[in-house]
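This report describes the strand pairing and helix packing of the structure shown below.

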Amino acid sequence: MHFCGRRSNSDSLTCVCWRDRAGQLTTMRPLLLGLLGCSLLLCVQAFYSASDDVVELTPSNFNREVIQSDSLWLVEFYAPWCGHCQNLTPDWKKAATALKGIVKIGAVDADQHKSMGGQYGVRGFPTIKVFGANKNKPEDYQGGRSSQAIVDGAMNALRTLVKERLSGKSGGSSYKQSGSGGGSQKDVVELTDDNFDSMVLQSGDVWLVEFFAPWCGHCKNLEPEWAAAASAVKQQTNGKVHLGAVDATVHQGLSSRYGVRGFPTIKIFRKGEEPEDYQGGRSRGDIIEKALDLFSDNAAPPELLEILNEDILKKTCEDSQLCIIGVLPHILDTGASGRNGYLDVMIKLADKYKKKMWGWLWAEAGAQMDLEASLGIGGFGYPAMAAINTRKMKFALLRGSFSETGIHEFLRELSVGRGSTATLGGGNMPKIQSVEAWDGKDGQLPEEEDYDLSDVDLDFDFDKEEL
């Protein structure tokens, strides 16, 4: 057998050929074409190309394309491995074409650009954000995922934007550095010699403080990033992490106290600890990521609440992106020690995922039958667990074991958009019964009623014939 290489006269494809035992020249071109087709299918690198009307957004162009734009933007944050993202792609492209010249449609590979996902609080994929009047505070898109639903949602957002402009409302940041130092900020806290100790040092919260000089070019470049990060961090940490700013040319005492030698200098302040230098990047994404890490390190785990009434369920679930609900066996089936074991598992997982800021609830089996029925877990399979998104009226069920490992795997899949979901029964929150709180003790069997049998004639004459 002889191998040789030749180039076809009809095209540029190099064909591999050999002579068989009969001396006939045989080509492998059809085989190579098949392999080439397969490789093209397997090597798709991105969801969107330059020929699409979807704008690919990255850290290098996001500020220019979106933040500094007067246009309304719908931006999808996706991961290439995400099945739901893959399903959304054709509808996202179709909507982009329909909205061309009216509303901008963009996409961010948040798996590659993780800082951008962290910056905008992306917890799962795909996440769609609406960048309207205030580009620093985008809103979550709550509509459907078909091309028609996306177009309808975009047009509704556009009408809202136009109304806001007609009424004189405007977005943007209020943090401005001026020649006199400091500036009027909204979410960036202006710190001075007079208020620094009371607001920062005597606070139990975490502070990131920028020491700046109004004439400093690097400080001016940092200004919009710092302001945008301040707004995002305030929202995502419920005001537990603050971003402040000190005009070090005016408040020289503070600058001297903390050894500020250049501008901008950023310091991290935590109660009971020496301040430390911030060593991260200067983009809003980097700042937000660091702030959320600090919040996670210092935050207490979310409280695990028993569902005693409708208000508890409503407040916990509406304030959180996801609500994790455990349905535990009846107290007579487990006793106090068994129930506490299940609760301890949930508390550990709540602490592990506290950065997500999810709500955590539990109920005794049979106490909230409508809730169990809407989740499809009523009457069997205790303990059970469900994760509910009340904004989308979707839920997912724990299929694995009710253990630290099983629940961790369940929540990890959900957090990256891989979980299988279903619509909550009826598309509405179920009716919640008001119940008494568990007293922490073992269950007691109901007492049997005593009967007085003294007046009951127990003598039977079996010789008598029945009538």
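Two strands count as paired where DSSP finds at least two bridges between them. The model is predicted.

**The five-stranded sheet.** An open sheet of mixed pairing is built from five strands in the order E4-E6-E5-E7-E8. Strand E4 (55-57) and strand E8 (139-140) are at its edges with a single partner strand each, so one side of each has no neighbour in the sheet. Within this sheet, strand E5 (residues 73-78) and strand E6 (residues 104-109) are parallel and share six bridges; leucine 74 has isoleucine 105 in E6 as its bridge partner. Helix H3 (residues 83-98) packs on the sheet and touches E5, E6 and strand E7 (127-131).

**The six-stranded sheet.** A further open sheet, also mixed, follows the order E14-E16-E15-E17-E18-E19. E14 and strand E19 (422-423) are its edge strands, each paired on one side only. E15 and E17 run antiparallel and are joined by five bridges, and cysteine 323 stands opposite isoleucine 388 in E17.

The helices that lie on these sheets are oriented as follows.

| Helix | Reference strand | Angle between directions |
|---|---|---|
| H3 | E5 | about 160° |
| H11 | E16 | about 170° |
| H13 | E17 | about 15° |

**Helix H11.** H11 (residues 331-352) lies across E14, E15, E16 and E17. The end C-alpha atoms of this 22-residue helix are only 27 Å apart, short of the 32 Å that a straight helix would reach. H11 also bends by about 75° at serine 337. Its buried residues include Ile331, Arg339, Leu343 and Leu349; among the elements covering the buried residues of H11 are strand E16 (359-364) and helix H13 (404-415).

How values were computed:
Residues are numbered from 1 along each chain as its sequence is written. This is a predicted model: local features need pLDDT of at least 70, side-chain atom pairs count only at pLDDT 80 or more; totals for chains, interfaces and linings use all residues. Side-chain values use heavy atoms; hydrogens and water are left out. Helices (H or I, at least four residues) and strands (E, at least two) are DSSP runs, numbered from the N terminus. The expected span of a helix is 1.5 Å times one less than its number of residues. The bend at a residue is the angle between axes fitted to the seven residues ending there and the seven starting there. Buried means under 20% relative accessible area, exposed over 50%, partly exposed in between (1.4 Å probe, protein chains only). Contact means heavy atoms within 4.5 Å. Axes are lines fitted to C-alpha atoms, for helices over the stretch in contact, and angles run from 0 to 180 degrees between N-to-C directions.
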